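Me: I am new to this structure. Please take a close look at one part of it, the aromatic rings and what surrounds them, and then at a neighbouring topic, one helix and the loop after it.

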Amino acid sequence: MAEHNAQPLHAQTQSPSREGHVRAREQETAERPRIALPPYETIALVLQGGGALGAYQAGVYEALHEAGVVPNWIAGISIGAINTAILAGNAPERRVARLREFWETICQPAYGLPLPPAVEQAFFDSTEVVRTAFTAMQAASALVDGQKGFFVPRVPPPLPFSVGTPDTASWYDTAPLKATLERLCDFDRINSGETRVSVAAVNVQTGNFAYFDNQHTKLRAEHFIASASLPPGFAATEIDGEFYWDGGLMSNTPLSEVVQTTPRRDTLAFQVDLWSARGPAPNTLTDVQSRIKDIQYSSRTRLVTDMLQHSQRFRHVLREVLARVSPEHRDDPWCKLAEELATSRRYNVFQLVYRDKEFEGNYKDYQFGLSTMRLHWESGLQDMRASLAQPGWLDMPENDAGFVTHDIHRDSR
């Protein structure tokens, strides 16, 4: 399927200078030293939702790829689920090219011709006022025209009280996304178990959170689209007679699913967030809308990791206490229960959190400009490179909790 036949978009449509940039990047990747990791049993890549900001995750993955770090579990929500499909649906050596093809595809308008890349970049590289106005115009274009290979407006648009079906009750149609995923992803590879794959959605009828995991479910394009079906823009996605919306409505990160899974394993997790819980108090209505999104979708990642660290410390302490119980008491039912709860496993969580750019407004999650996408990508690449370069950050935790977190932005202050 697409694994063998599709030619990367940049090889089809980009200018010679762009092709030269890609070749230079590939050469740079080949020359970078590979990292020797401690014997972690699970290496997880955890991808938050955030629409157009998801290119940051692609940059993070490129840095992992060039360092020779290959995740054996990829979990995502919303755009993180779409990136998960691209990654898990391709061989490791093809993933960066496939990500680039996907992002360069969806960063074009669904209708009409895009601006020539040089012209688009010239507007983007102009003054701050021009850049802000230009990117706002691109966001407006996404609302009016949709994005190529991703979503298109419904014509005619639905009326507020018109009765239809759950899979058409939305402003946009995501049929193009299904075609894109089926072209770019090998679903036999996704379901082979070579890499564990998990994506989350919300059951519209029950309101319950649902994880779709290739250890238990044969995943199709619909499972990934369901995770990204954010209403009212996108309609609920039907899977086996049930309807699902974007998992970010309940929780925008699957980190707890990865860290709390049993049986427990020594785990290195790269948690890639697209919304920062921290930020300045807004002083305009536009900034208010942007800050609301930040708080709503950040999913309190640091609170989650703090709670997981506390729980893991409890399990480590319980293990040490059990080691001091005399053998004749180890068959006591309370000791048996304690053994089930105790663990010696260790968890190292890298937090990569996207930082807003000066020109970005409350439309940053649906501003699919090509130049902005490349800037997001580069930000993820540089953040992950800097994180991997920190001495000792990849080591197995040796504290009493067996749990550590690292954040290049927080820890560098």
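Reply: What follows goes through the ring pairs, then the charges over rings, then one helix and its loop.

The model is predicted. Start with the rings. The count of aromatic pairs comes to 17. One of them joins F150 and F368. Their ring centres are 5.8 Å apart, and the planes meet at 90°. That makes the pair edge-to-face, because planes over 60 degrees apart count as such.

Where do F150 and F368 lie? F150 is in the loop between α8 (128–145) and β3 (152–153). F368 is in the loop between β10 (347–353) and α16 (370–388). The two parts are 218 residues apart in sequence, so the pair ties together distant stretches of the chain in that sense. F150 is buried, and F368 is buried too.

A second pair is made by F212 and Y244. Here the centres are 5.1 Å apart and the planes stand at 80°, so this pair is edge-to-face. Both partners come from strands. F212 belongs to β6 (residues 209–213), and Y244 belongs to β8 (residues 242–246). The pair therefore ties together parts that are 32 residues apart in sequence. Both F212 and Y244 are buried.

Rings also gather in a group. F150 and F368 appear again in one aromatic cluster, together with F151, Y172 and F234.

Next, the charges over rings. The charged end of R131 sits over the ring of F124, 4.2 Å from its centre. The charged end of R196 sits over the ring of W73. There the distance to the ring centre is 3.9 Å.

Now the helix. α6 has 12 residues. From first C-alpha to last it reaches 17 Å, close to the 16 Å expected at 1.5 Å a residue. Is α6 enclosed or open, and why? Of its 12 residues, 11 are buried, so α6 is largely enclosed by the rest of the structure. Among the buried ones are charged-looking names to pick out in the view: R95, R98, R100, E101 and E104. F102 and W103 are buried in α6 as well.

Last, the loop. Q108 lies in the loop between α6 (95–106) and α7 (117–124). Its relative accessibility is 17%, so Q108 counts as buried, the limit being under 20%. A polar atom of the Q108 side chain lies 3.1 Å from the backbone oxygen of E104. E104 is itself one of the buried residues of α6.

How values were computed:
Residues numbered from 1 in each chain as written. Predicted model: local features only at pLDDT ≥ 70, side-chain atom pairs only at ≥ 80, totals over all residues. Heavy atoms only, no water. Helix = DSSP H or I, 4+ residues; strand = E, 2+ residues; numbered from the N terminus. Buried < 20%, exposed > 50% of the residue type's maximum accessible area, 1.4 Å probe, protein only. Polar contact = N/O pair within 3.5 Å; in protein donor to acceptor, adjacent residues only side chain to side chain. Phe/Tyr/Trp six-rings, centres within 6.5 Å; stacked < 30°, edge-to-face > 60°. Lys NZ or Arg CZ within 6 Å of the ring centre and 35° of its normal. Expected span 1.5 Å × (residues − 1).
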